[in-house]
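The following exercises ask you to read a structure step by step. Attempt each task before you consult its solution.

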Amino acid sequence: MTAAIVNRRVVLASRPQGNVAPQNFRIEEAPVAPPGEGEVLVRNEWLSLDPYMRGRMSDAKSYVPPVAIDAVMVGQTVGEVVDSRHPGFHKGDKVLTSLGWQLYGTARGKELVMVDASRVPASYYLGVLGMPGVTAWFGLFEIGKPKAGETVVVSAASGAVGSVVGQLAKGEGCRVVGIAGGAKKCEYVVKELGFDACVDYKAGKLAEDLRAACPDGIDVDFENVGGAVLDTALRLARLNARFVICGLIAEYNATEAYGYKAMRSILVNRVTMRGMIVFDWKDRYGEALADLAARLATGKLRYKESIVEGLDNAPQGLISLLAGGNFGKQLVKLS
Ligand SMILES: NC(=O)c1ccc[n+]([C@@H]2O[C@H](COP(=O)([O-])OP(=O)(O)OC[C@H]3O[C@@H](n4cnc5c(N)ncnc54)[C@H](OP(=O)(O)O)[C@@H]3O)[C@@H](O)[C@H]2O)c1
């Protein structure tokens, strides 16, 4: 039965220099082989697009190896089991996979996680109940350690990670200030997500506006952007501030490193700045996911998705994400 299925996949054709371009990708078709012993064949339904994918397209040294030229682009998906030779998975089961940018894929049972799509949409396991949600949870609570009354600043505040960070920090009794691009995103961050304020960095007076939004300075900065946004936040650091370096999206397409100018603030304010990679907490994901699911079920967590239709539009979806074109967690609907 499965021998007749044709797979469609997006492979890395070349490494980008600067901005990602459509020519960096190639779309291919190939027959789907039936699963071997212990394997499961999955039809992917949702593909997650994430900023880290820009790093995997480059061969610069990082915390994981790059995607090889001609290999399928990496990524998490949620899909449905269509054929199984593994006792733990059956036709119709919904699973979280690392099968990447393709319509079908075969995985060993241990590479799949069963998801319950009866209570929340299956796509949520790629966002608020997935890697971005867990990143927000551990980054904020384990590194940021917010205390009631403190000021927490979150950049890329309307996005997958930032939106969760801000809502969690509000739950701790903090003053939460978002930074986002454009009036619409800022309005969403304040009115829908409940942040106390949001600074539109595209309005051209970031330093002035951030200072006005943080009159007592910054105790916790959850940094998703880097560059001028981080440099500006650093200048407002309070004594013993914690800076969680989660992402530097403003620098991912850059061909030259940003020159930080506010280092003196780290010294005089005894700032702790720590990089975080979510995998470091992989043994504890369940802890974060249980808490996030409970908050979602009780309406304490609002969540938004940004959806691109069809695998062939995945390259454009990533290009757009890296330019801030998404509004909420970026996904590709595959079927
Ligand atoms: N360390 C980890 O383990 C880990 C795990 C997951 C994610 N991350 C990082 O967390 C950050 C947020 O990821 P996400 O998945 O939640 O993405 P996202 O926030 O949903 O989307 C990315 C957002 O970045 C913002 N952005 C700010 N400055 C930008 C610039 N100069 N160019 C392009 N975009 C800019 C855009 O929002 P505006 O329009 O508001 O600018 C865009 O919507 C990323 O830096 C990512 O690499 C890290």
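**Exercise 1.** In this predicted model, determine where Lys-91 lies and whether Lys-91 counts as buried or exposed.

*Solution.*
Step 1. Locate the residue: Lys-91 belongs to the loop that runs between β4 and β5 (94–97).
Step 2. Apply the cut-off: a residue is exposed when its relative accessible area is over 50%. Lys-91 has 63% relative accessibility and therefore counts as exposed.
Step 3. List the contacts: leaving aside residues up to four places away in sequence, Lys-91 touches Val-81 and Val-82.
Step 4. Consider a distance along the chain: Lys-91 and Gln-76 are 15 residues apart, and their C-alpha atoms are separated by 20 Å.

**Exercise 2.** Establish how the end-to-end distance of α2 agrees with the span that α2 should have, and state how many of the residues of α2 are buried.

*Solution.*
Step 1. Find the expected span: at 1.5 Å a residue, the 14 residues of α2 should span 20 Å. The expected span is taken as 1.5 Å times one less than the number of residues.
Step 2. Compare with the model: the end C-alpha atoms of α2 are 18 Å apart, which agrees with the expectation.
Step 3. Count the buried residues: a residue is buried when its relative accessible area is under 20%. In α2, 11 of the 14 residues are buried, so this helix is largely enclosed by the rest of the structure.
Step 4. Name some of them: the buried residues of α2 include Pro-132, Trp-137, Phe-138, Leu-140 and Ile-143.

**Exercise 3.** Two residues that are not glycines have a positive phi: Asp-70 and Lys-145. Describe where each is found and how accessible each is.

*Solution.*
Step 1. Begin with Lys-145, which follows α2. Its phi is about 45°, a positive value although the residue is not a glycine.
Step 2. Place Lys-145: this residue is found in the loop between α2 and β8 (151–155).
Step 3. Classify Lys-145: its relative accessible area is 49%, so it is partly exposed.
Step 4. Turn to Asp-70, which is not a glycine either and has a positive phi of about 75°. Asp-70 is found in the loop between α1 (52–56) and β4 (77–84).
Step 5. Classify Asp-70: at 45% relative accessibility, this residue counts as partly exposed.

**Exercise 4.** Which backbone atom does the side chain of Asp-219 reach, and is Asp-219 buried or exposed?

*Solution.*
Step 1. Place both residues: Asp-219 is in strand β11 (residues 218–223), and Thr-151 is in strand β8.
Step 2. Identify the link: the side chain of Asp-219 reaches the backbone nitrogen of Thr-151 at 2.8 Å.
Step 3. Classify both: Asp-219 has a relative accessible area of 6% and is buried. Thr-151 is also buried, with 3% relative accessibility.
Step 4. Extend the picture: not counting residues up to four places away in sequence, Asp-219 touches Glu-150, Thr-151, Arg-238, Ala-241 and Arg-242. With the same exclusion, the contacts of Thr-151 include Arg-175, Val-177, Cys-214 and Asp-219.

**Exercise 5.** State where Leu-103 is placed and which residues it touches.

*Solution.*
Step 1. Leu-103 is in the loop between β5 and β6 (104–108).
Step 2. Beyond residues up to four places away in sequence, Leu-103 touches Asn-7, Arg-8, Val-42, Arg-43, Asn-44, Leu-311 and Leu-334.
Step 3. Leu-103 and Gly-79 are 24 residues apart along the chain, with their C-alpha atoms separated by 9.1 Å.

**Exercise 6.** Describe the surroundings of the ligand: how many residues form them, and how much of the ligand does the protein bury?

*Solution.*
Step 1. Count the shell: 28 residues surround the ligand, and the closest are Lys-185, Tyr-201, Tyr-252, Met-276 and Asn-326.
Step 2. Sort the shell by class: 19 residues are nonpolar, eight are polar and one is charged.
Step 3. Examine polar pairs: one oxygen–protein distance is 2.9 Å, to a polar backbone atom of Ala-160. An oxygen atom of the ligand is also 2.7 Å from an N or O atom in the side chain of Lys-185. A nitrogen atom of the ligand lies 2.7 Å from a polar backbone atom of Met-276.
Step 4. Assess the burial: taken alone, the ligand exposes 900 Å², of which the protein buries 91%.
Step 5. Find the contributing elements: α2 (131–144), α3 (160–171) and α7 (249–252) each give two or more residues to the shell. The most come from α7, which gives three.

Definitions and conventions
Residues are numbered from 1 along each chain as its sequence is written. This is a predicted model: local features need pLDDT of at least 70, side-chain atom pairs count only at pLDDT 80 or more; totals for chains, interfaces and linings use all residues. Side-chain values use heavy atoms; hydrogens and water are left out. A residue is near a molecule or strand if one of its heavy atoms lies within 4 Å of it. A polar contact is a pair of N or O atoms within 3.5 Å; within protein, one must be able to donate a hydrogen and the other to accept it, and residues adjacent in sequence count only if both atoms are side-chain atoms. Accessible areas come from the Shrake-Rupley method with a 1.4 Å probe; for residues, only the protein chains shown count as cover. Helices (H or I, at least four residues) and strands (E, at least two) are DSSP runs, numbered from the N terminus. Ala, Val, Leu, Ile, Met, Phe, Trp, Tyr, Cys and Pro count as nonpolar, Asp, Glu, Lys and Arg as charged, and the others, Gly among them, as polar. Buried means under 20% relative accessible area, exposed over 50%, partly exposed in between (1.4 Å probe, protein chains only). Contact means heavy atoms within 4.5 Å.
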